Amino acid sequence: MRIAVCGSIATDHLMTFPGRFADQLVGDQLHTVSLSFLVDDLEVRRGGVAANICFGMGQLGAAPVLVGAVGADFDEYRAWLDRHGVDTSHVRVSELLHTARFVCTTDADHNQIGSFYSGAMSEARLIELKTIADRVGGLDLVHIGADDPEAMRRHTEECRTRGIPFAADFSQQLARMDGEEIRNLADGAAYLFSNEYEKALIESKTGWSADEVLRRVGTRVTTLGARGVVVERAGEPEIRVGCPEEERKADPTGVGDAFRAGFLSGIAWGARPERAAQLGCMLATLVIETVGTQEYELKRGSFMDRFTKAYGIEAADEVRDHLS
C-alpha cells in the first residue's frame, strides 16, 4: 500500500530558565509586563504530527509520503527525513512564511511560557492530493492528521470525491472543533484514531453514540496510554493489545504519533489490525524511552527480541520479513 500522511510539520525550540517566573512579576504592573529571560540552554527538536508519523514509518521501511507545508528553512529537516526513508518530495514550500514553530521557556518550577507560530502550515490547504497521487502512481490511504483546519477539511472532501480511503485523526485540533466539523471529517473514514479522552469528546460533541461512530467509520482505534489500545469494528469482537515492558520512561511526547506510525506500517504490509496495533505499541514504547519525538533508533535485532517477548513467536514471524 502507498500511504500519504497529511498534517503539521514543525520544530520545537525549548529553553530553560534557572529562576522562577513568579519572582519576576510585579503584582500591580501586570498590565505592562516587559520581561526578558536569560536562559541556560536551548534544544531544537524536530516535530509536527505528520513528520513524526512519517519518521516512524520510514524507520520501519513503509516508505510514507509526507504531505504538508513548510518554509524555506526546511532544508536541514528535509535531509533528515529523506535519510530516514520518508518521501518529502511533495511537501509544499512557502515563498513567504517560515516552517511552523513552537517556542517555549520552562522555569525552575516547571511553569512554561510558550508561543506557537503556525507559519507555512496555513498553506497546506493549497495542496492537491490528486497531483501527489498521479506522481506516485496512486494512493491507497491518506492519513489526515492535525493541520491547518481548512486543509483538513479540503483533504477529507477530496478523498471522498476521488474515492481514496482516508484516516481521520483530529488530535490537537479536536478542542477547537464543533460537532458539525467533527462529523464532516469523520463520516466515512476507513480509520478513526483518538486517545481515550478524545474518544469521549468526539461522542459528546457529535452527539453520536459509540455504536453510531462504528457504523460511520470502518475501524476505530483508541489508544489507552499504559493500558495499550483497543481496535473496534461494527459487528466484530473488539481487539485489545497491551504495551511491551518499558526499560525506562524518559519522555511521553510523540508516543501517539509513534503508535500511528507502527499501526499504519502494519496496514501498509497487509497485516491484520491486531498485528498492526502490536507493531504500533512496540514503536510507541521506543519513543517513551527516548527524549524527543524522532531521536529513537530502531535496531532490528533488539526490536524483534522485544516484540517476540511481548507478543509471541507467531506474531514476530509475521513482522520479521517486513523488517528485514
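Trainee: Which element gives the largest share of the lining of the largest cavity?

Mentor: Happy to start there, keeping in mind that this is a predicted model. Two elements give two or more residues to that lining, α4 (149-162) and β10 (166-168). The largest share, three residues, comes from β10.

Trainee: What is the volume of the largest cavity?

Mentor: The count comes to one cavity of 30 Å³ or more. Residues that line the largest cavity include Met-152, Thr-156, Ala-167 and Leu-185. Its volume is about 30 Å³.

Trainee: How many residues in that cavity's lining are nonpolar?

Mentor: Let's go through the classes. Asp counts as charged and Thr as polar, and both Asp-169 and Thr-156 line the largest cavity. The lining has one polar and one charged residue, while the nonpolar ones number seven.

Trainee: Good, now to the cores. Which helix gives the most to the largest nonpolar core?

Mentor: That core holds 54 residues, and among the members that touch the most others are Leu-81, Phe-259 and Leu-283. The helix giving the most supplies nine residues and spans 273-288. The name you want is α9.

Trainee: Which residues does Phe-307 touch, leaving out those up to four places away in sequence?

Mentor: Phe-307 is one of the core members with the most contacts to other members. Its partners are Arg-275, Gln-278, Leu-279, Met-282, Gly-312, Ala-315, Ala-316 and Val-319.

Trainee: And how many residues make up the second, separate core?

Mentor: Ile-144 and Phe-166 belong to this second core, as do Ala-4 and Ala-69. Ile-144 and Phe-166 also line the largest cavity. The second core's residue count is 31.

Note on methods:
Residues numbered from 1 in each chain as written. Predicted model: local features only at pLDDT ≥ 70, side-chain atom pairs only at ≥ 80, totals over all residues. Heavy atoms only, no water. Core = buried A, V, L, I, M, F, W, Y, C linked by side-chain atoms within 4.5 Å. Buried < 20%, exposed > 50% of the residue type's maximum accessible area, 1.4 Å probe, protein only. Helix = DSSP H or I, 4+ residues; strand = E, 2+ residues; numbered from the N terminus. Contact = heavy atoms within 4.5 Å. 1 Å grid on protein atoms, 1.4 Å probe; cavity = no way out; pocket = protein on both sides within 12 Å on 5 of 7 lines; lining within 4 Å. Points joined across faces, edges and corners; volume = space filled by probe spheres on them.
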